[in-house]
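User: Please take a close look at one part for me, the surroundings of the ligand. I would also like to know how the elements that line it fit into the rest of the chain.

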Amino acid sequence: MKKNLGKKTIMSVYPVLIIGTYDENGKANAMNAAWGGQTDVDCIAIALSDHKTTDNLKLNKEFTVSFGTVDTELISDYFGVVSGRKVDKIEKSGVHVIKSENINAPLFEEYKLTLECKVISLENEVLIGEVINTVADESILDLDGKVSISKLNPIVYDASDHTYKKLGDVVGHAFNDGLKLKN
Ligand SMILES: Cc1cc2nc3c(=O)[nH]c(=O)nc-3n(C[C@H](O)[C@H](O)[C@H](O)COP(=O)(O)O)c2cc1C
């Protein structure tokens with residue numbers, strides 16, 4: 001028996017994206033955005049309403065996107081409940097800003113995996129960005145120098161119950177397991 005539940009944000013488990021930008025005075029800001037993701041190796045799309053972050057994006061057209069982790073859960077949520085228009089969130093959270101070598105946008109010491117991006121467009125409350133580089137802390141690289149998601153320990157935002165959850169066990173292998181039914 002199936003039930004109709006109407007429109008719900010139920011199929012909505014997203015990475016916790018922390019957007020880093022500078023304002024007109026070079027002051028860093030960070031916001032939490034869940035409604036987006038990387039759509040290709042060099043493209044990211046995020047649904048954004050009106051924020052300090054969008055003010056900054058219109059000015060500088062460059063931004064970073066870091067991934068919220070178990071270790072950064074509290075500050076990541078803080079970045080989503082307070083606006084940089086009212087409070088210096090960087091000072092209050094105590095995160096350490098590092099200047100990017102490639103773009104005019106802040107990296108944060110506490111966030112171990114970050115995409116460096118340039119604005120392609122910001123229209124109809126959708127930010128489309130070009131990903132130009134990935135910055136990873138050495139502590140999350142495996143022996144082959146690849147990013148280890150297990151070492152990163154990212155969290156996801158579950159919009160169905162407004163919780164953050166961590167990733168679980170491997171249950172299968174993409175592009176492989178389905179092949180068993182192919183022939
Ligand atoms: C879990 C979570 C996810 C969020 N996702 C988004 C989002 O995808 N897009 C958006 O516009 N705002 C989102 N927000 C709200 C902004 O983060 C919030 O309005 C923030 O204060 C904006 O910061 P700023 O004004 O300093 O840029 C989210 C907040 C939380 C807590």
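Analyst: Happy to help! A residue is near the ligand here if its C-beta atom, placed from the backbone, lies within 6 Å of it. The model is predicted, so local features need pLDDT of at least 70 and side-chain atom pairs count only at pLDDT 80 or more, while totals for chains, interfaces and linings use all residues. Residue numbers start from 1 along each chain as its sequence is written.

With that cut-off, 21 residues surround the ligand, and Trp 35, His 51, Thr 53, Gly 80 and Gly 84 are the closest. By class, the shell holds nine nonpolar, nine polar and three charged residues (Ala, Val, Leu, Ile, Met, Phe, Trp, Tyr, Cys and Pro count as nonpolar, Asp, Glu, Lys and Arg as charged, the others, Gly among them, as polar). Strand β3 gives the largest share of this shell, four residues. At least two residues each come from β3, α1 (52–60) and α2; helices (H or I, at least four residues) and strands (E, at least two) are DSSP runs numbered from the N terminus.

Let's take α1 next. Its buried residues are Lys 52, Thr 53, Asn 56 and Leu 57, where buried means that 20 or more other C-beta atoms, placed from the backbone, lie within 10 Å of the residue's own, exposed means 12 or fewer, and partly exposed is in between. These four cover an arc of only 135° around the axis, which puts them on the same side of α1; the arc is that of the directions from the helix axis to the C-beta atoms. An α-helix has 3.6 residues a turn, so residues three or four places apart point the same way. Thr 53 thus appears twice in this picture, among the residues closest to the ligand and among the buried residues of α1. The buried residues of α1 pack against β2, β3, β6, β9 (113–123) and β10 (126–136), with contact meaning C-beta atoms within 7 Å. Just after α1, Lys 61 takes a positive phi of about 60°.

Helix α2 can be read in the same manner. Ile 75, Ser 76 and Phe 79 are its buried residues. They cover an arc of only 105° around the axis, which puts them on the same side of α2. The face turned away from that buried side carries the exposed residues Leu 74 and Val 81. The buried residues of α2 pack against β2, β3 and α3 (89–93).

Both β3 (28–33) and α2 (73–81) also supply at least two residues each to the largest nonpolar core, as do other elements including β2 (17–22) and β6 (62–67). Such a core is a set of buried Ala, Val, Leu, Ile, Met, Phe, Trp, Tyr and Cys residues joined through C-beta atoms within 7 Å. This one has 30 residues, and Val 16, Leu 17, Ile 18, Ile 19, Ala 30 and Val 65 have the most contacts inside it. Leaving aside neighbours within four places in sequence, Val 65 is in contact with Leu 17, Ile 18, Ile 19, Ile 44, Thr 114, Leu 115 and Cys 117.

For the wider setting, the chain has four helices and 12 strands, and buried residues make up 28% of its 183 residues. Among contacts between residues at least 6 apart in sequence, 61% join residues at least 24 apart. The C-alpha trace spans about 60 × 45 × 30 Å along its principal axes.

How values were computed:
Two residues are in contact if their C-beta atoms, placed from the backbone, lie within 7 Å.
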